[in-house]
Amino acid sequence: MPVAASAIYFLNLRGDVLINRTYRDDVGGNMVDAFRTHIMQTKELGNCPVRQIGGCSFVYMRISNVYIVIVVSSNANVACGFKFVVEAVALFKSYFGGAFDEDAIKNNFVLIYELLDEIMDFGYPQNLSPEILKLYITQEGVRSPFSSKPKDNKPVPNATLQVTGAVGWRREGLSYKKNEVFLDIVESVNLLMSSKGNVLRCDVTGKVLMKCFLSGMPDLKLGLNDKIGLEKESEMKSRPAKSGKTIELDDVTFHQCVNLTRFNSEKTVSFVPPDGEFELMKYRITEGVNLPFRVLPTIKELGRTRMEVNVKVKSVFGAKMFALGVVVKIPVPKQTAKTNFQVTTGRAKYNPSIDCLVWKIRKFPGQTESTLSAEIELISTMGEKKSWTRPPIQMEFQVPMFTASGLRVRFLKVWEKSGYNTVEWVRYITKAGSYEIRC
């Protein structure tokens, strides 16, 4: 749930109340005394930024020489509370010329009260965008003599659209000679595999990045091969869904430009994009992951002074694809004295600073395999031999035009009232997150 703040206090380092605003009547006016007595005077301010006293919780943060304290009487979202404080301070700084301290608060009492009434309603955070609030709260704050007035060369956006929150992230009047949209699906594979090739843990975290150079106020619609979206589309068209691979997206988060009402009802990603580069959405996949590589290691310890290492790496993606910048880090004992190895592809060397054989392959084609064979001589120690823990093998790579989740863009439609033509570019990239194979 949101913050649901009962009151907010601004205190100096002595605990004096500089300014406060009460939004609900479920807390008493002496709550700030409890904060001073149980937290400030006991010098426990740095231990935890969230404290519960009686039936209320205190969420506080120190900015310069001012403590901002939010009092809540219910089970509120603490992360949302801290986010509110950070955004509110940025708003105050934009009005005060970049300064936020005890003097700035004392010099701007009236303006702060006006802003507090706008940015929080009955304890719930509202719009904190300085660009939007300055359209109808035009009073300028008293600036510190040491702060310079920020340069603002941006054109003022349409006030009606900004205040209603329709497209507060995009200004009107944009014009480009060539209208283009670039869309990148970037995924990171996180894997833990046993030495026998069994997957112990695997998931994919991905994000959809966009770069838009479009004139006017375009409306974009993105279609993906996610299971829920395809089922909703077939339901609305009263016909069976098309066959093909569908995926289930978990933990999806969107940019503020996405029309969530339309997404909840139609399961389509519709939005008016910001100008330039932005992150449209993030997601996670835990089922049906297509692993780009399989690694089969064999390590034999021959007595106390010799080891044999054989590592076979197989690329599982399509034969027409290839991976770039493949790096395989194979751990060896700290007492390694000499290494002798052969590789079928790429180059390898022993790096004593990280106790690993580092095998680099510049370009790794799909549906192929490469092998590293190494003989390792160890320094013989007089003391009792300790068993080697065998850290996991680690991989780094980047595979263009491949997604481990199987996510694909089915369509990307751009509509604008002037009817201009657009050029859409779509690219897929899969990288290694934490890609580890036990020896």
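Is Thr339 buried, partly exposed or exposed? I shall begin with that residue, and I should say at once that the structure before you is a predicted model.

Thr339 belongs to strand 17, which covers residues 336-343. Its relative accessible area is 22%, and because buried means under 20%, Thr339 counts as partly exposed. Setting aside residues up to four places away in sequence, Thr339 touches Tyr350, Leu357, Glu375 and Ile376. Glu308 lies 31 residues from Thr339 in sequence, and their C-alpha atoms are 9.9 Å apart in space.

Let me turn to the sheets. Strands of a sheet pair through backbone hydrogen bonds, in either a parallel or an antiparallel sense.

One open sheet consists of 9 strands with mixed pairing, in the order 11-13-9-8-23-21-16-19-18. Strand 11 and strand 18, the latter at 347-351, stand at its edges; each has a single partner strand, so one side of each has no neighbour in the sheet. From one strand to the next, the twist averages 15°.

We can follow that order from the strand 11 end. Strand 11, residues 250-254, pairs with strand 13 in the antiparallel sense over 3 bridges. Within this pair, Asp250 stands opposite Arg284 of strand 13. Strand 13, residues 276-285, is in turn joined to strand 9, residues 199-213, by 9 bridges, and these two strands also run antiparallel. Here two lysines face one another, with Lys207 standing opposite Lys282 in strand 13.

Further along the order, strand 21 deserves some attention. Strand 21 comprises residues 393-400, and its side chains alternate. Which of them point to the buried face? They are Ile393, Met395, Phe397 and Val399. Gln394, Glu396, Gln398 and Pro400 point to the other face and are not buried.

Strand 21 has antiparallel pairings with two strands that I shall describe in turn. With strand 23, residues 423-437, there are 6 bridges. Val399 stands opposite Thr430 in strand 23, and the bridge partner of Pro400 in strand 23 is Ile429. With strand 16, residues 322-331, there are 4 bridges. In that pairing, Leu324 has Gln398 of strand 21 as its bridge partner. Gln398, as noted, is one of the residues on the face that is not buried.

There is also an open sheet of 3 strands, in the order 12-10-22, with antiparallel pairing. Strand 12, at 269-271, and strand 22, at 409-415, are the edge strands; each has a single partner strand, so one side of each is left without a neighbour in the sheet. The twist in this sheet averages 10° from one strand to the next. Strand 10, residues 219-224, is joined to strand 12 by 3 bridges, and Lys221 stands opposite Ser270 in strand 12.

I now move to the helices. Two packed helices are described by the angle between their axes and the distance between the axes. The axes of helix 2, residues 78-96, and helix 4, residues 109-119, come within 12 Å and cross at roughly 140°. That angle makes helix 2 oblique to helix 4. The crossing of helix 2 past helix 4 is right-handed. Which residues make the contact? From helix 2 they are Phe84, Ala88, Leu91, Phe92, Tyr95 and Phe96. Helix 4 contributes Leu111, Ile112, Leu115, Leu116 and Ile119.

My final residue is Asn12, in strand 1, which covers residues 7-12. Is Asn12 buried or exposed? Its relative accessible area is 2%, so Asn12 is buried. A polar atom of the Asn12 side chain lies 2.8 Å from the backbone nitrogen of Asp16. The side chains of Asn12 and Glu102 are joined by a polar contact of 3.4 Å. Apart from neighbours within four places in sequence, Asn12 is in contact with Leu18, Met40, Asn65, Tyr67 and Glu102. Glu102 therefore appears both in that list of contacts and as a polar partner of the Asn12 side chain, since contact means heavy atoms within 4.5 Å.

To close, let me set the two residues side by side. Thr339 in the predicted model is partly exposed, at 22%, whereas Asn12 is buried, at 2%.

Technical notes
Residues are numbered from 1 along each chain as its sequence is written. This is a predicted model: local features need pLDDT of at least 70, side-chain atom pairs count only at pLDDT 80 or more; totals for chains, interfaces and linings use all residues. Side-chain values use heavy atoms; hydrogens and water are left out. Two strands pair if DSSP finds at least two bridges between them. Axes are lines fitted to C-alpha atoms, for helices over the stretch in contact, and angles run from 0 to 180 degrees between N-to-C directions. Buried means under 20% relative accessible area, exposed over 50%, partly exposed in between (1.4 Å probe, protein chains only). A polar contact is a pair of N or O atoms within 3.5 Å; within protein, one must be able to donate a hydrogen and the other to accept it, and residues adjacent in sequence count only if both atoms are side-chain atoms. Angles under 35 degrees count as roughly parallel, over 145 as roughly antiparallel, 65 to 115 as roughly perpendicular and the rest as oblique. A crossing is left-handed if the near helix is turned anticlockwise from the far one by less than a right angle, and right-handed if clockwise.
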